[in-house]
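Trainee: I am new to this structure and would like to learn how its descriptions are reached. Could we go through it together?

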Amino acid sequence: MACRPPGSGSYTVVIIPLKTSLYSLDALRFYLWVKRRKDLEQEKDALCSGLEVLEKARLWYIQRLEENRARKGIIQTQSGVGIRQDGAAEAWSCLLRSRIQRVNGSLGSVMSEPNVTSGSSASLPGAVTDSDLRWQNTALAQEVSDKNRKISLLEFEKDAILEQLDELQAR
C-alpha cells in the first residue's frame, strides 16, 4: 500500500505574492492556510507510513500465530513428560512476549488519544493528569520489560547451572 509517490520526501511551499502589505490580514490568512496545508500533508504521510508498518506487523503477527499453533500442536501430540523448552528459547519467548505487550499498549494508547484536530481544549486539568499518567505508564512498562528481560536471563543461567550440576552428579 503506497500513499505517496516514490521520491516525494520533501515538501514544496508555493508563496504567491499578494498585492497588499506583508502584515495585512490577507497575507496572514494565506500564510496560515499554507501552513495548515503543509501540516496536513505531513500528517497524511505519517499516517500512510504507519499503515504500511501496520500491514507488515499484521502479517508478522499472523505468521507468529501460525508458528505458535504449530508448536502447540507438537506439544499436544507428544507425551509431555520430560519435554522442556530449552533456556534460550524460553528467554526469547519471554522477551518477545514483553515486546509484543509493549507494542500493543503503545498502539492502544495512540488509538485512545483524544482527536487533536477536533478542537478539544488541551488546557483542561484532566488532560495534564492523563498525560502524566500515560508517561508514568510508559515508564513503568519499560521497567517491567527490563525486569522481564533480566528474569529471562537469570532463568537461562539457572538452567545452565542445573545442567552442569546434573553432569557433575552423573560422573
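Mentor: Gladly! Let us begin with a term: a salt bridge is a side-chain nitrogen of Lys or Arg within 4 Å of a carboxyl oxygen of Asp or Glu. Keep in mind that this is a predicted model.

Trainee: What makes the pair of arginine 58 and glutamate 55 a salt bridge?

Mentor: Their side chains meet with 3.4 Å from N to O. The limit is 4 Å, so the pair counts as a salt bridge. Side chains of opposite charge can pair when their charged atoms come close.

Trainee: Where do arginine 58 and glutamate 55 lie?

Mentor: Both are in helix α1, three residues apart, about one turn of the helix.

Trainee: Why is arginine 58 called partly exposed?

Mentor: Buried means under 20% relative accessible area and exposed means over 50%, with partly exposed in between. Arginine 58 has 43% relative accessibility, so it counts as partly exposed. Its partner glutamate 55 has 35%, and therefore it is partly exposed too.

Trainee: How many salt bridges does the structure hold?

Mentor: There are five. One of them joins glutamate 67 and arginine 64, at 3.3 Å from N to O. Another is formed by aspartate 146 and arginine 149, at 3.0 Å from N to O.

Trainee: How do you know that glutamate 67 and arginine 64 are separated by about one helical turn?

Mentor: Because they are three residues apart in helix α1, about one helical turn separates them. In helix α3, residues 125-170, aspartate 146 and arginine 149 are also three residues apart, so about one helical turn lies between them.

Trainee: Are these four residues buried or partly exposed?

Mentor: Let us set each value against the limits. Glutamate 67 has 31% relative accessibility, and arginine 64 has 23%. Aspartate 146 has a relative accessible area of 30%, and arginine 149 has 27%. These values fall between 20% and 50%, so glutamate 67, arginine 64, aspartate 146 and arginine 149 are partly exposed.

Trainee: What makes the group of Asp86, Glu163, Asp166 and Glu167 a negative surface patch?

Mentor: Asp and Glu count as negative, and a patch takes residues with over 30% relative accessible area and no salt bridge, with like charges joined within 9 Å. Asp86, Glu163, Asp166 and Glu167 form such a patch. Take aspartate 86: its relative accessible area is 48%, so it passes the 30% limit while still being partly exposed.

Trainee: Where is aspartate 86 in the chain?

Mentor: Aspartate 86 sits in the loop between α1, residues 25-77, and α2, residues 87-112.

Trainee: Which residues form the nonpolar patch on the surface?

Mentor: Leu51, Leu54, Val103, Leu107, Val110 and Met111 do, with about 560 Å² of accessible area together. Helices α1 and α2 each supply at least two of the residues, and α2 gives the most, with four.

Trainee: How do you know that leucine 51 is open enough for a patch?

Mentor: The limit is over 30% relative accessible area, and leucine 51 has 40%, so it passes. Leucine 51 is found in helix α1.

Trainee: What shows that residues apart in sequence can be neighbours in space?

Mentor: Arginine 134 in helix α3 is a good case. Leaving aside its neighbours within four places in sequence, arginine 134 is in contact with Ser109, Ser112 and Glu113. Arginine 134 and serine 109 are 25 residues apart in sequence, and their C-alpha atoms are 8.1 Å apart. With a relative accessible area of 22%, arginine 134 is above the 20% limit, so it is partly exposed.

Trainee: How far apart are serine 106 and threonine 138?

Mentor: They are 32 residues apart in sequence and 8.3 Å apart in space, C-alpha to C-alpha. Serine 106 is in helix α2, and at 42% relative accessibility it counts as partly exposed.

Trainee: What does the whole protein look like in terms of helices and strands?

Mentor: It has three helices and zero strands, running α-α-α from the N terminus on. Buried residues make up 8% of its 171 residues.

Definitions and conventions
Residues numbered from 1 in each chain as written. Predicted model: local features only at pLDDT ≥ 70, side-chain atom pairs only at ≥ 80, totals over all residues. Heavy atoms only, no water. Patch = residues over 30% accessible without salt bridge, like charges linked within 9 Å, V, L, I, M, F, W, Y side chains within 5 Å. Areas by Shrake-Rupley, 256 points an atom, 1.4 Å probe, with all protein chains shown as cover. Charge placed at Lys NZ, Arg CZ, Asp CG, Glu CD. Buried < 20%, exposed > 50% of the residue type's maximum accessible area, 1.4 Å probe, protein only. Contact = heavy atoms within 4.5 Å.
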